[in-house]
Amino acid sequence: MKHLIIISILSLSLFGCNSIKEDNNFFLPPATTYNYAEIDSVKLFYRAAGDKKNPVIVLLHGYPSSSHSYRNLISMLSTHYYVIAPDNLGSGYSAHLDPKTTKYTFDLLANYTQKLLETLHIENYVMYMQDFGAPIGYRMMMENPNRIDALIVQNANAYLDGLTEKRQHFFRTAQSDTSKTQYDFLYSLTGKDAVINKQYLFDLDETNMNIQSPDAWTHDLAFLNSKKDRDIQVQLFQDYNTNLLSYPQWQNMLNKNQPKTLIVWGKKDLKFNANGAEAYLKDLPNAELHLLDAGHFAAEEKTREIAELILKFLDKHDIK
């Protein structure tokens, strides 16, 4: 019994907040709400939790996912922060505008995400980025770096160091090769087998295969069910090389502004490898770097560990 009491006290010390009923030592995180905002006649979906009076954390998701990828992390962070996790335009529950009439680019996604935050009257915030979240987030940051109180970088590439030559060639070719053969190849990457085995399970081994919840890819595939939905992601693949070309600008921005930065990177990631995490230190020598025993979707595998690192980091920098 003494051990249980000690564990409860430690848990309250680390994750405690007004949402805890101290009499019974219950941990009760704030409820997550599921919301829509209309931006230029287009509906964008976002999850939110926590007290709006607290500092804001914005969670930007990657491919092929949505804010659903942060379903567990949100509750762990919202005890101390107001957490917002939007679905990109064309992903999740946000509007899927027809790619025949809307050209999907990272400029477009960043523009809509920025307008969403403005609609929600979010001025300053901590920005968490993973995968596609980086090119969206860095475009927003380029517009006004002073709005970013801190960066949390999770397998979010901004350096060629994090991409093998083969991976760099993939992105260049996706942009330059407009043949049907290339289109068919990119389209195949948005299918069920590729999403499961070339995304979520790609960098896991037999010993930890059960760490990935099948809810993740089941949810993603529900929004990749039509040709229109899959073509949206193909267009983003075709636009991705613009990010590689922008890396020097992003690096200069980071070097000039020196944002408070926490890097939590799944070191088993084969797509955005750990060299990309360490490369940040060239421009951000004061960044805090943690290489985790996880893959590309580290927030799915090491949710509690990442949450603890974030809470300690923000507390250390007096963002609370």
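**Note on the predicted model**

1. Overall confidence. Across this predicted model, the mean pLDDT of the protein is 92, and 91% of the residues reach a score of at least 70.

2. The N-terminal stretch. Residues 1-22 have a pLDDT under 50 throughout. The model nevertheless gives this stretch 23 contacts beyond four places in sequence. Where pLDDT is low, predicted coordinates should not be read in detail. I would ask that any figure showing residues 1-22 carry their pLDDT, under 50, in the legend.

3. Helix 8. Within helix 8, which spans residues 214-222, the buried residues are Ala-216, Trp-217, His-219, Asp-220 and Leu-221. Their cover includes one strand, strand 2 (42-49), together with helix 2 (71-77), helix 7 (192-200) and helix 12 (298-301).

4. Helix 7. The buried residues here include Ala-194, Val-195 and Ile-196, and also Gln-199 and Tyr-200. The buried residues of helix 7 pack against helix 6 (180-188) as well as helix 8. Helix 7 is in turn part of what covers the buried residues of helix 8.

5. Tyr-125. This residue belongs to strand 5, residues 125-129. Is Tyr-125 buried or exposed? Its relative accessible area is 1%, below the 20% limit, so Tyr-125 counts as buried.

6. Surroundings of Tyr-125. Leaving aside residues up to four places away in sequence, Tyr-125 touches Val-56, Val-58, Gln-114, Leu-117 and Met-140, and also Arg-147, Ile-148, Asp-149 and Ala-150. Gln-114, one of these residues, lies 11 residues from Tyr-125 along the chain, with 12 Å between the two C-alpha atoms.

Technical notes. Residues numbered from 1 in each chain as written. Predicted model: local features only at pLDDT ≥ 70, side-chain atom pairs only at ≥ 80, totals over all residues. Heavy atoms only, no water. pLDDT = per-residue confidence, 0-100. Contact = heavy atoms within 4.5 Å. Buried < 20%, exposed > 50% of the residue type's maximum accessible area, 1.4 Å probe, protein only. Helix = DSSP H or I, 4+ residues; strand = E, 2+ residues; numbered from the N terminus.
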